[in-house]
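Here is a short set of exercises to work through with the model open beside you. Try each task before reading its solution.

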Amino acid sequence: METRKYFTEELSRLRQDILTMATKAEENLGKALTALRTRDSDLAKQVRANDAEINHLQLKIEDAAAIVIATQQPVARDLREMVTIFKLTSNIERIGDHAVHLARAAKKLAKKGESQFRAQEHLEKMAETGQLMLRAAISAYMSQDAQAARKAASMDDKIDEQHKELTEGILKVMKKNPDLLKSALQILQTSNQLERLGDHITNICEAVIYMAEGVHEELNE
């Protein structure tokens, strides 16, 4: 009985650390979005600095989870959640990396030629949806709700749609203005990063479904 109490307490700590890590990633994504809107280079630097905290939390959580698995030997659903924790930390860390890329791109996207692509609105919508999607995915994890995870994953369609529209628009402009290649590549790279961000959040949703229902469900089609 005492062993079960210890496991429950440790699992509760791990869940709170996951929430903290995801919250920091969401906040960093928000700062990167603001840097994009305002071309604030100082804020972009802050995003890069904050990413180190997210990386530190990943190591802390994974080390603690490994100890729990080794000492408590969880089975069935408890083991699935421990496996899920590793999937969540990995994907949240990658989300943090995408926020850093967006922050780095903010200053570069202010260069001459960006406005001709009308990329700003698309990139902002992708980042905003990513924030909402991440919040919903982590909420689904905290509440152990597979259906909520599926609903969160469905928001990735909006990110994909914006990515597709932006890509098609850039290609049209490029046909008439091939000299804008450098600017176009920068925008496409940033859009690709945000599209991948949505994929990583979808991975989190899939992990939550596996944890709750014990099935591997492909949501990233």
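**Exercise 1. Is Asp17 buried or exposed?**

Solution. Keep in mind that this is a predicted model. Start by placing the residue: Asp17 belongs to helix 1, which spans residues 2–38. Next, take its relative accessible area, which is 18%. Buried means under 20%, so Asp17 counts as buried. Finally, look at its surroundings: leaving out residues up to four places away in sequence, Asp17 touches Lys60 and Ile61.

**Exercise 2. Work out how helix 5 and helix 8 are arranged relative to each other**.

Solution. First find the two elements: helix 5 covers residues 120–142 and helix 8 covers residues 181–213. Their axes are 10 Å apart and pack at an angle of about 15°. Angles under 35 degrees count as roughly parallel, and therefore helix 5 and helix 8 are roughly parallel to each other. To complete the geometry, add the handedness: the crossing of helix 5 and helix 8 is left-handed.

Now turn to the residues that meet. Helix 5 contributes, among them, Leu123, Met126, Gly130, Ala137 and Tyr141. Helix 8 contributes residues including Thr190, Leu194, Glu195, Ile201, Cys205 and Met211. Sorted by class, the contact of helix 5 with helix 8 holds 16 nonpolar, five polar and one charged residues.

**Exercise 3. Which residue forms a salt bridge with Arg77, and how accessible is each partner?**

Solution. The structure holds 14 salt bridges, and one of them pairs Arg77 with Glu81. Their closest N and O atoms are 3.7 Å apart, and the cut-off is within 4 Å. Both residues sit in helix 3 (residues 76–108), four residues apart, or about one turn of the helix. As for accessibility, Arg77 is partly exposed at 28%, whereas Glu81 is buried at 0%. One last step widens the view: salt bridges that share partners join Arg15, Arg77 and Glu81 into one network.

**Exercise 4. Where do the partners of the Asp97 and Arg94 salt bridge lie, and how many residues apart are they?**

Solution. Begin with the distance: the closest N and O atoms of Asp97 and Arg94 are 2.8 Å apart. Both residues are in helix 3, three residues apart, so about one helical turn separates them. Then check accessibility: Asp97 has a relative accessible area of 24% and is partly exposed, and Arg94, at 30%, is partly exposed too.

**Exercise 5. Which parts of the chain does the salt bridge of Arg150 with Glu213 tie together?**

Solution. The closest N and O atoms of Arg150 and Glu213 are 2.7 Å apart. Arg150 lies in helix 6 (residues 146–154) and Glu213 in helix 8, so the pair ties together parts that are 63 residues apart in sequence. Glu213 itself counts as partly exposed, with 40% relative accessibility.

**Exercise 6. Describe the setting of His216**.

Solution. Locate the residue first: His216 is in the segment after helix 8. Its relative accessible area is 65%, and exposed means over 50%, so His216 is exposed. Then list its contacts: leaving aside neighbours within four places in sequence, His216 meets Lys87 and Tyr210. Finish with a backbone distance: the C-alpha atoms of His216 and Glu206 are separated by 7.1 Å, the two residues being 10 apart along the chain.

Technical notes:
Residues are numbered from 1 along each chain as its sequence is written. This is a predicted model: local features need pLDDT of at least 70, side-chain atom pairs count only at pLDDT 80 or more; totals for chains, interfaces and linings use all residues. Side-chain values use heavy atoms; hydrogens and water are left out. Axes are lines fitted to C-alpha atoms, for helices over the stretch in contact, and angles run from 0 to 180 degrees between N-to-C directions. Angles under 35 degrees count as roughly parallel, over 145 as roughly antiparallel, 65 to 115 as roughly perpendicular and the rest as oblique. A crossing is left-handed if the near helix is turned anticlockwise from the far one by less than a right angle, and right-handed if clockwise. Contact means heavy atoms within 4.5 Å. Ala, Val, Leu, Ile, Met, Phe, Trp, Tyr, Cys and Pro count as nonpolar, Asp, Glu, Lys and Arg as charged, and the others, Gly among them, as polar. Buried means under 20% relative accessible area, exposed over 50%, partly exposed in between (1.4 Å probe, protein chains only). A salt bridge is a side-chain nitrogen of Lys or Arg within 4 Å of a carboxyl oxygen of Asp or Glu.
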